[in-house]
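Student: I am new to this structure. Please take me through one part of it closely, the loops with unusual backbone angles, and then set that part in its wider setting.

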Amino acid sequence: MSLCNGWRGSLTTRSLALIAAAVVLGAAVLIAAAVYYARLAAGEAYDRILTLGVVQVAENLFVQGGVIAVDPPAATFASLSSFDLVFYKVVDPRGVVVAGHPDLPDAAKPANPNRGPVLSNGYYQGQDIRLATLGRHFAEAPGDGWATVTLAQTVSARDAFARELAIKAVMIVLAISALALLAGALAIRLALAPLARVERAIAARDPNNLDALDLESPVEIHALVNAVNQLMARLRQRMSMMQRFIADCAHQIRTPLAALDAQVELLTGEAARDGERITRIRQRSGELARLTNQLLGHAMVTHRANAGLPGTVDLVALARSALADTVPLTIEREVSIAFRAAADQVPIAGDAMSLREAIGNLVHNAITHGANSSLAVELQTIADEAVVQVIDDGSGIAAEDWPRMLEPFGTGPRGGSGLGLAIAADVVRAHGGTIGFQHRVDGRFAVVIRFPSVRPAGHTSG
């Protein structure tokens, strides 16, 4: 299936491998059991024939002149010889072999002859044999009257019979295992069919269609379908935000561009040294450049926030660097700049580029739209938080406008594009911090941001 590539992602491959492993293990156990029971069944069958044969030989014993004699049953020997070689011997109560093969090994004698034949294994004439021993009592015979009959048979036929039974059983087990694998593969294919339907439904979607999937699916993949639907909902929301943001950007950029075009049009045919109009053009160009940079900065911050926080940075160095980069903005007017840090270093977990952009935007807003004659950046640690304040001596922002100022293009009485504070707010939230405003008791206005500090709680200052 194209939903899954390779061993790691293939549900079909992994499921079939697990089923195959179980089938192979089960087949191995069944084959071992089949071989064992085939040998057992063959042995029992041949033992019955051997037992019947020794009983028939014992029944053909008789006493003649005080001596044990035997009339070998030809039919019995013929029946036994059709499978294997057959040997026998008859021992009278005196221990003398009166018939058969004298060198035939002695089998285990019955402890209680009345209980029937005793079976045992032996070796004779270079071959493995199976022996059956049976005793018969004759009152008129000398000694204790017990004669012993031993009947032996080679095991080649029974081994061949056991192999035949085992082979047939193994063939059956292998056939059943193959059918089980085929059935497992078919079951997996049918079980994963709903995933294929989900794949086809997504592949056939128009790129602009982010509606929820409306599919009938088994309970087992409800979570997958719900996750896909939630992802589509988030994508739809993000695309809506992007479209709205692009529309706002286009509107915001169009205004300074139109003004710039009008100023240039007024210069046509007039003296190129018209200072007032050139100043306006310069201002509009600066506004356009700043807005463009903020738009790009907003896109960069959003991307880096989604990429995660890569490491630990020194907030003191970042704040000092952001302030130094903004100092040239004060050249055209007298603004006192100050930087105060309660510690040499304040480490936090975060992204240096995004944090520098956020603090730089706060400093730029304070210098451009707030500070009359002074601006200060103060940094301290309070408990387990790192606190940065950008303070100016301007009139500040009315409390009712604070929520709106943190939204993109949320301009207030201080003017501007409305992106600086929004970018800073996005960065602070991405770093697990908070941003707020404060009218200080000394009459100045501050933007306050707080970050979780990686410094232990015991090392506090402020």
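Tutor: Here is a look at two loop residues, followed by a surface patch and the whole protein. Keep in mind that the model is predicted.

Start with the backbone. Most residues other than glycine have a negative phi. Glutamine 125 is not a glycine, yet its phi is positive, at about 50 degrees. Where does glutamine 125 sit? Its place is the loop between strand 5 (118–124) and strand 6 (127–137).

Now go to alanine 383. Its phi is positive too, at about 55 degrees, and alanine 383 is not a glycine either. This residue lies in the loop that runs between strand 11 (374–382) and strand 12 (385–392). Is alanine 383 buried or exposed? Neither label fits: its relative accessibility is 48%, so alanine 383 counts as partly exposed. The cut-off for exposed is over 50%.

Compare a helix residue. Tyrosine 37 belongs to helix 2 (residues 11–59). Tyrosine 37 counts as exposed because its relative accessibility is 53%. It has partners: Tyr36, Tyr37 and Leu40 form a nonpolar patch on the surface. Together they have about 350 Å² of accessible area.

Finally, step back. The protein has eleven helices and 14 strands. It has 462 residues, and 37% of them are buried. Its accessible surface is about 25800 Å², with 58% belonging to carbon and sulfur atoms. Take the contacts between residues at least 6 apart in sequence: 63% of them join residues at least 24 apart.

Methods:
Residues numbered from 1 in each chain as written. Predicted model: local features only at pLDDT ≥ 70, side-chain atom pairs only at ≥ 80, totals over all residues. Heavy atoms only, no water. Helix = DSSP H or I, 4+ residues; strand = E, 2+ residues; numbered from the N terminus. Buried < 20%, exposed > 50% of the residue type's maximum accessible area, 1.4 Å probe, protein only. Patch = residues over 30% accessible without salt bridge, like charges linked within 9 Å, V, L, I, M, F, W, Y side chains within 5 Å. Areas by Shrake-Rupley, 256 points an atom, 1.4 Å probe, with all protein chains shown as cover. Salt bridge = Lys/Arg side-chain N within 4 Å of Asp/Glu carboxyl O. Contact = heavy atoms within 4.5 Å.
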